[in-house]
Amino acid sequence: MKKFPPIEKIFEAWTALADNRVLMKEGYADVSSSDGEKSYVVRFLDNQYSSDDNATFWQGYPGYPVIAVLMKQGKLSYDPTQANQWKNINWTQINKKFKNNYAEAVAYVAGERKIDLNQSYQAAQKVLEELSGLPIEIKRKIKA
């Protein structure tokens, strides 16, 4: 993998899983956005992944929908205790409020919910390290 996501994308993936917004199908998954306005398609074949979310498609790093799918597939660790702390968060609205400063957005939510941010970042760092070791390729489109 050439580019890595901001660590805060792990938090968004936790939210997607805790909210049951990841629907696995044969060769792809549907991932609903946190505000329910959009649905992203994550395709996977062998070790290739693509998604139509902005981060994956335009930035070339795995966005939260891809990360959530990797967790659901068991390729990345998933800590339900961590995830449940980040349940029911409208990241679309919060990221807009903080002008896509993801660290500020996460800190804001942690403060509102009294979440131990240090502990959450340690758990997210573990997932990011696992991600860096995965032999996956992020593509704009996968040829089936």
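These exercises work through a predicted model of a protein.

**Exercise 1. The overall build**

Task: State how many helices and strands the protein has, give their order, and decide how its radius of gyration compares with the globule rule.

Solution:
- Step 1. Count the elements. The protein has 7 helices and 5 strands.
- Step 2. Read them from the N terminus. The order is α-β-β-β-β-α-α-α-α-α-α-β.
- Step 3. Turn to the radius of gyration. The value is 14 Å, and the globule rule gives 15 Å for 144 residues. These are close, so the protein is as compact as a globular protein of that length.
- Step 4. Add the outer dimensions. Along the principal axes, the C-alpha atoms fill a box of roughly 45 × 30 × 25 Å.

**Exercise 2. α1 against α6**

Task: Find how the axes of α1 and α6 are oriented to each other, and list the residues in contact.

Solution:
- Step 1. Know what to look for. Two packed helices are described by the angle between their axes and by the distance between those axes.
- Step 2. Locate the helices. α1 covers residues 8–18, and α6 covers residues 102–113.
- Step 3. Take the geometry. The two axes come within 9 Å and cross at roughly 50 degrees.
- Step 4. Classify the angle. Roughly parallel needs an angle under 35 degrees, and roughly perpendicular needs 65 to 115. The crossing of α1 and α6 is therefore oblique.
- Step 5. Name the contact. α1 brings Glu-8, Lys-9, Phe-11 and Glu-12, while α6 brings Tyr-102, Ala-103 and Val-106.
- Step 6. Sort these residues. There are 4 nonpolar, no polar and 3 charged.

**Exercise 3. α1 against α7**

Task: Repeat the analysis for α1 and α7.

Solution:
- Step 1. Locate the partner. Helix α7 spans residues 117–133.
- Step 2. Take the geometry. The axes of α1 and α7 lie 9 Å apart, at an angle of about 95 degrees.
- Step 3. Classify the angle. The range 65 to 115 counts as roughly perpendicular. α1 and α7 therefore fall into that class.
- Step 4. Name the contact. From α1 come Glu-8, Ile-10, Phe-11 and Trp-14. They meet Ser-120, Tyr-121, Ala-123, Ala-124, Val-127 and Leu-128 of α7.
- Step 5. Sort these residues. The contact holds 8 nonpolar, 1 polar and 1 charged.

**Exercise 4. Two pockets**

Task: Describe the volume and lining of the largest pocket, then of the second largest.

Solution:
- Step 1. Size the largest pocket. Its volume is about 450 Å³.
- Step 2. Describe its lining. There are 22 lining residues, with Lys-9, Tyr-40, Asn-54, Thr-92 and Asn-95 nearest the centre.
- Step 3. Trace the elements. α1, α2, α3 and α5 each give two or more residues to this lining. The largest share, 4 residues, is from α5.
- Step 4. Sort by class. The lining has 7 nonpolar, 8 polar and 7 charged residues.
- Step 5. Move to the second largest pocket. Its volume is about 190 Å³. It has 11 lining residues, and nearest its centre are Lys-2, Gly-60, Glu-137, Ile-138 and Lys-139.
- Step 6. Finish with its elements and classes. α2 and β5 each supply at least two residues. The classes are 4 nonpolar, 2 polar and 5 charged.

Terms used: Residues numbered from 1 in each chain as written. Predicted model: local features only at pLDDT ≥ 70, side-chain atom pairs only at ≥ 80, totals over all residues. Heavy atoms only, no water. 1 Å grid on protein atoms, 1.4 Å probe; cavity = no way out; pocket = protein on both sides within 12 Å on 5 of 7 lines; lining within 4 Å. Points joined across faces, edges and corners; volume = space filled by probe spheres on them. Nonpolar A, V, L, I, M, F, W, Y, C, P; charged D, E, K, R; others polar. Axes fitted to C-alpha atoms, helices over the stretch in contact; angles between N-to-C directions. Parallel < 35°, antiparallel > 145°, perpendicular 65-115°, else oblique. Contact = heavy atoms within 4.5 Å. Rg over C-alpha atoms; globule rule 2.2 N^0.38 Å.
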